[in-house]
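User: I am new to reading protein models and would like to go through this one step by step. Could you take my questions in turn and explain how each answer is reached?

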Amino acid sequence: MKPVSLIQFLIEERRAGHINAELSLLIEVVARACKRIAVATGKGALGGVLGAAGTDNIQGEAQKKLDVISNEILLEANAWGGHLAACASEEMEDPQPIPDGYPKGQHLLLFDPLDGSSNIDVNISVGTIFSVLRCPDGVTEPKVEHFLQPGTTQLAAGYVVYGPSTLLVLTFGHGAHEFTLDREIGSFILSRRDIRIPEETGEFAINMSNQRHWEAPMQRYIGELLAGQEGPRGRDFNMRWVASMVADVHRIVTRGGVFFYPLDAKIKSKGGKLRLMYEANPMAFIIEQAGGAASTGRERIMELQPTGLHQRVPVFLGSKQEVELATHYHHAAD
Ligand code: AHG
C-alpha cells in the first residue's frame, strides 16, 4: 500500500469534515516543531544540550537545557502562523499571547514540551504532549480562565515519542492514529490507523517506590496484582516503569497495559503528580479514542472541570477492565 504522509492524512480529515483548515495547519506546525526537538534530543552531548539549565519552572522543578530549548521551539513555531489565539506550556506560569503584529486564530494550544526530562541525560525516551482547545467566541486576549475547559472539549491531542524512532500519536476524536518519522525524507508517515488497546492485560506500570504512601484502595488493587496466580486474580502480572509518561503510554497503546500515578501521602496536598491540562487530558483523550479508559480513581479525567492551568491530578489509564476495577476499589472505600 502507498505510504500516507501526515499532510495527506490531514487533508483526508478535512475532507471528512473532522477538522478545519486552521486546525490542520496548527497540527502541521506542531509536528514540524517536534521534528526540530527530535533533532535536538538526537544530538545529545554533541549538541551541548544535556544537563541542567540552572533555572526552575513554574512547578519549582529544575529545568533541563532541553526543556527550555523544546519550549522555545514550540513557542517560536506557533507564534506567526495565524492559527492560534494563545498557548500555554507546563514550563511557563502564564499563557503566552500571540506577539503583536501577527494574525490570531481560533485555537488554544497547551503543551508539555519535554515530558520525562529526568531521562534525557541517561538516553531514555522522552516526548512532547499537546492538547488543542477552541478559544471561546469573541475572546481576543485569552486569559487563564479561557483555557480552563474540561478535556471533553478538546479538539485534538497528541504526543511525540523521541525514542529509537520518533513517533507521533494523534487524535481528533475519530480514532487514534500513529505516524512514524521517516528520517531520510523528513516526513511523518502513517504507521497505524485506528489503534485499539486490548480491554484485558497482564502488564501494569506504576512507581512502586511510593507504595507505602498510597491510599488503601490502591494498596489493595496492586497487592492483588502482585499476589499473582496464588492471589484473587489467579494469574501473574508483569510490571514496567520507564518514568517517561509518553514511553509508558506508548507501550500501552502498542501492546496493552495499564498506567497509574495515584494520589499518595507525599503529594496529597498538590492533588497528584501529573498535570491535568498538559498530561492527563491529552493522554486520556488518546487512550479513550483507542478503546481504553482514563480515570482519577474516582472520576473520568476528561469530565473534570479544571481549576488551574497547572493543576495536578491522579491518573489511571489504559486497558478498560483494569482502570474500571481500580476505580471501583476507590469508590467502594469512599
Ligand atoms: P517530568 O516531565 O518532570 O520529567 O515528569 C515526568 C512525569 C511523567 O512523565 C512520569 O510518568 C512521571 O513524572 C515519573 O515520575 P517518578 O519520577 O515519580 O517515577
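User: How many bridges join strand 13 to strand 17?

Analyst: In this predicted model, strand 13 covers residues 258–261 and strand 17 covers residues 315–318, and the two run antiparallel. One of the pairs is formed by F260, whose bridge partner in strand 17 is F316. The number of bridges that join these two strands is 4.

User: Which helix packs on the sheet by touching strand 11, strand 13 and strand 17?

Analyst: The helix in question spans residues 245–255, and its direction makes about 155 degrees with that of strand 13. The strands it touches are strand 11 (203–205), strand 13 and strand 17, and the sheet itself is open, with 5 strands in the order 12-11-13-17-15 and mixed pairing. The helix is helix 6.

User: In the open sheet of 8 strands, which are the edge strands?

Analyst: The order of this sheet is 4-3-5-6-7-8-9-10, with mixed pairing. An edge strand pairs on one side only, which is what the two ends of that order show. The edge strands are strand 4 (96–97) and strand 10 (187–192).

User: Which residue in strand 8 stands opposite Y159?

Analyst: Strand 7 (residues 156–162) and strand 8 (residues 166–171) run antiparallel and are joined by 6 bridges. Y159 has its counterpart in strand 8, and that residue is V169.

User: Does D115 count as buried or exposed?

Analyst: D115 lies in strand 5, which covers residues 107–115. Leaving out residues up to four places away in sequence, D115 touches several others, including V126, S244 and E279. A residue is buried if 20 or more other C-beta atoms lie within 10 Å of its own, and because D115 has 29 such neighbours inside 10 Å, it counts as buried.

User: Where does S117 lie, and is it buried or exposed?

Analyst: S117 lies in the loop between strand 5 and strand 6 (126–134), and, apart from its neighbours within four places in sequence, it is in contact with K64, L66, D67 and V126. Because S117 has 23 C-beta neighbours inside 10 Å, it counts as buried.

User: How many charged residues are in the shell around the ligand?

Analyst: The ligand is surrounded by a group of residues, among them E61, D115, S117, D248 and K273. The UniProt annotation "binding site", from an unreviewed entry, covers D115, G116, S117, S118, N207 and K273. By class, the shell has 2 nonpolar and 5 polar residues, and the number of charged residues is 4.

Conventions
Residues numbered from 1 in each chain as written. Predicted model: local features only at pLDDT ≥ 70, side-chain atom pairs only at ≥ 80, totals over all residues. Near = placed C-beta within 6 Å. Nonpolar A, V, L, I, M, F, W, Y, C, P; charged D, E, K, R; others polar. UniProt positions renumbered as here; feature names shortened; annotations may be inferred. Buried ≥ 20, exposed ≤ 12 C-beta atoms within 10 Å, placed from the backbone. Contact = placed C-beta atoms within 7 Å. Pairing = 2+ DSSP bridges. Axes fitted to C-alpha atoms, helices over the stretch in contact; angles between N-to-C directions.
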